[in-house]
Amino acid sequence: MDDDRWAGWPERWVGTDCDVRTAVGAISREVKDGFRYDEVPWQRFRHFYGPGEEIPGLLTTLDSGDAEAADRALRQLWMNLHHQGGTIAVGALAVPFLLRIAATGRPELRARTLRLVAEIGRCQHMGDGSREGLLQVAEEPLMIEGSTMCPVDWTIQAARQAVTDDLHLLLPLLSGPDPEVRSVTAYVLAAATGELSHVSSALQFRLAKEDDAVVRVSLILAIAQLARQHQDEHAPSWARDLWSDPGRPPEVRIGAGLAWLCLITDPAPDELRTLLTDPGIRQYDDLLQPVPWLTWVDPTGVGLRSCIAEMLTANIPETALDDPWGGGWTNKKSSPRRRE
């Protein structure tokens, strides 16, 4: 950034053709609903492996009647728009169309399509199961994506606004028949930036009726993420009421315990520490691994255990980091977030 092109960067780009937030905000409802890809400025931005103009073709194939071709297209979209856990500007342009394809397209690809939307609108969080990081969405303001020089947080802001603009497509999916879709829908809704009381109420309403363990935890973490991002002062007491109630299902208490730890900086009380370090919790490692937040913490199948260990051992001297369960397993530090 030594030459004159970068003078005043990134402030000079705000509101210009280089600002992906402006580009996404200019896409009309008619263009989105009509899949009028030719009216979207894909050419302004690259994906991780090539020009942005390639994305509409993949979206068209994803929405086609050819099941195998649609699956390949979705895999390619994941590769192009979510490289090593990072997000890229052209992905935000794709979000409105991915949402419409997810809502009306092939049911077997719905969950994976929605998950891609969620990852486009979130900072790189692979391996971060900390109290600060598990529910973190925004990126550092000056973090850039190297091939476009666009601030990563601009992409995240644009994608989150696109999600908020299309809540009408997402909210009905919370009551659909597929628990995986319900779980991932909660993950996407946690990125909303507007109509927060409406979204949170919908998540709470679903939680009261939900009987699937993975979906329950996803709903709890989604409610907590919204509360954390928007500083809801009532959320910590809500989470505490859930985890401290022995009459609640174990997965609800576990999810609420993680949520409480992410919502507040106080040390974990003995009651919560006892709950989360009970040897019986280990049986929930496999059961809750599909929870989207936990999947990325440790893809080997111990995302829950990694989160608990990291959250409960934060600010404890290194010499004291013994196995919280007393069973020979030691704390696994989260890996640093990489940037290309």
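Is cysteine 150 buried or exposed? In this predicted model, cysteine 150 comes out as buried, with a relative accessible area of just 2%. Cysteine 307 also counts as buried, at 0% relative accessibility. As for bonding, the search of the whole structure turns up zero disulfides. Take cysteine 307: the closest cysteine sulfur belongs to cysteine 262 and sits 7.5 Å away, which is too far for a bond, since a disulfide needs the two sulfur atoms within 2.5 Å.

Aromatic rings give a busier picture. Across the whole structure, seven aromatic pairs are found. One of them joins tyrosine 187 and tryptophan 293: the ring centres are 4.7 Å apart and the planes meet at 75 degrees, so this pair is edge-to-face. Tyrosine 187 belongs to helix 9 (residues 179-189), while tryptophan 293 belongs to helix 16 (residues 292-297), so the contact ties together parts of the chain that are 106 residues apart in sequence. What about solvent? Tyrosine 187 has 3% relative accessibility and so counts as buried. Tryptophan 293, at 1%, is buried as well, because the cut-off for that label is under 20%.

Elsewhere, Phe35, Tyr37, Trp42 and Phe97 come together as one aromatic cluster. Tryptophan 154, for its part, has a charged partner: arginine 21 lies over the face of the ring, at 4.2 Å from the ring centre.

Methods: Residues numbered from 1 in each chain as written. Predicted model: local features only at pLDDT ≥ 70, side-chain atom pairs only at ≥ 80, totals over all residues. Heavy atoms only, no water. Phe/Tyr/Trp six-rings, centres within 6.5 Å; stacked < 30°, edge-to-face > 60°. Helix = DSSP H or I, 4+ residues; strand = E, 2+ residues; numbered from the N terminus. Buried < 20%, exposed > 50% of the residue type's maximum accessible area, 1.4 Å probe, protein only. Lys NZ or Arg CZ within 6 Å of the ring centre and 35° of its normal.
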